[in-house]
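Subject: The structure, and what turned up in it

Hi,

Here is the structure I promised to pass on to you. Please open it alongside this email, and then read on for the notes.

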Amino acid sequence: MNVNWVALVEVAAVTFAGTVVLVVLMAVAARLLAGSFEDDGSGKPLAATIERSVGTGILILMGLLVLFGLYLMVPYFH
């Protein structure tokens with residue numbers, strides 16, 4: 001039995017990069033959504049609405065990325 005070490009390292013690197021992307025997206029979405037619900041009295045409802053919209057959009061993007069990953073892992077879907 002032979003192990004293709006280059007392919008194994010490639011898969012590990014792509015997995016690590018994908019995980020980093022998902023964690024960063026989740027952190028940004030959480031920060032945007034948490035910041036948009038604070039009432040600091042600045043009177044900027046448009047900025048809060050934009051932050052909430054961008055945060056929600058990032059969460060939807062994350063969900064689509066996770067579903068795409070599941071699609072790639074489950075051979076039945078191809």
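Below is a short walk through what was found, starting with the whole chain and then moving to single residues.

Please keep in mind that this is a predicted model. The protein has two helices and zero strands. Helix H1 covers residues 5–36, and helix H2 covers residues 45–73. For H2, the count is 29 residues, and the distance from its first C-alpha to its last is 42 Å, close to the 42 Å expected at 1.5 Å a residue.

A few totals for the protein:

- Of its 78 residues, 12% count as buried.
- Its accessible surface is about 6400 Å², and carbon and sulfur atoms hold 75% of that.
- Among contacts with a separation of 6 or more, 50% are between residues 24 or more positions apart.

Now to H1, where three residues are worth a look on your screen. Ala29 sits in this helix. Is Ala29 buried or exposed? Its relative accessible area is 0%, so Ala29 is buried, the cut-off being under 20%. Leaving aside residues up to four places away in sequence, Ala29 touches Gly55, Ile58 and Leu59. You can also find Met62 from here: its C-alpha atom is 9.6 Å from that of Ala29, although the two are 33 residues apart along the chain.

The next residue, Ala30, also belongs to H1. With a relative accessible area of 39%, Ala30 is partly exposed. Between the C-alpha atoms of Ala30 and Leu59 there are 8.8 Å, with 29 residues separating the pair along the chain.

Leu25 is the third one, again in H1. Leu25 has 18% relative accessibility; buried means under 20%, and therefore Leu25 counts as buried. Which residues does Leu25 touch, not counting those up to four places away in sequence? They are Ile58, Leu61, Met62 and Leu65. The C-alpha atoms of Leu25 and Leu59 are separated by 7.8 Å, and these two residues are 34 apart along the chain.

Turning to H2, the buried residues there are Ala48, Gly55, Ile58 and Met62. Two of these names should look familiar: Ile58 and Met62 are among the residues that Leu25 touches, and Gly55 and Ile58 are among those touched by Ala29.

H2 also holds Leu64, and here the picture is the reverse. Leu64 has a relative accessible area of 53%, and exposed means over 50%, so Leu64 is exposed. Leu64 is one of the residues in a nonpolar patch on the surface, together with Ile60, Val66, Leu67, Leu70 and Met73. Taken together, the patch has about 610 Å² of accessible area.

Happy browsing, and do write back if you have questions.

Best wishes

Technical notes: Residues are numbered from 1 along each chain as its sequence is written. This is a predicted model: local features need pLDDT of at least 70, side-chain atom pairs count only at pLDDT 80 or more; totals for chains, interfaces and linings use all residues. Side-chain values use heavy atoms; hydrogens and water are left out. Helices (H or I, at least four residues) and strands (E, at least two) are DSSP runs, numbered from the N terminus. Buried means under 20% relative accessible area, exposed over 50%, partly exposed in between (1.4 Å probe, protein chains only). Contact means heavy atoms within 4.5 Å. Accessible areas come from the Shrake-Rupley method with a 1.4 Å probe; for residues, only the protein chains shown count as cover. Patches are made of residues with over 30% relative accessible area and no salt bridge: like charges are joined within 9 Å, nonpolar side chains (Val, Leu, Ile, Met, Phe, Trp, Tyr) within 5 Å. A salt bridge is a side-chain nitrogen of Lys or Arg within 4 Å of a carboxyl oxygen of Asp or Glu. The expected span of a helix is 1.5 Å times one less than its number of residues.
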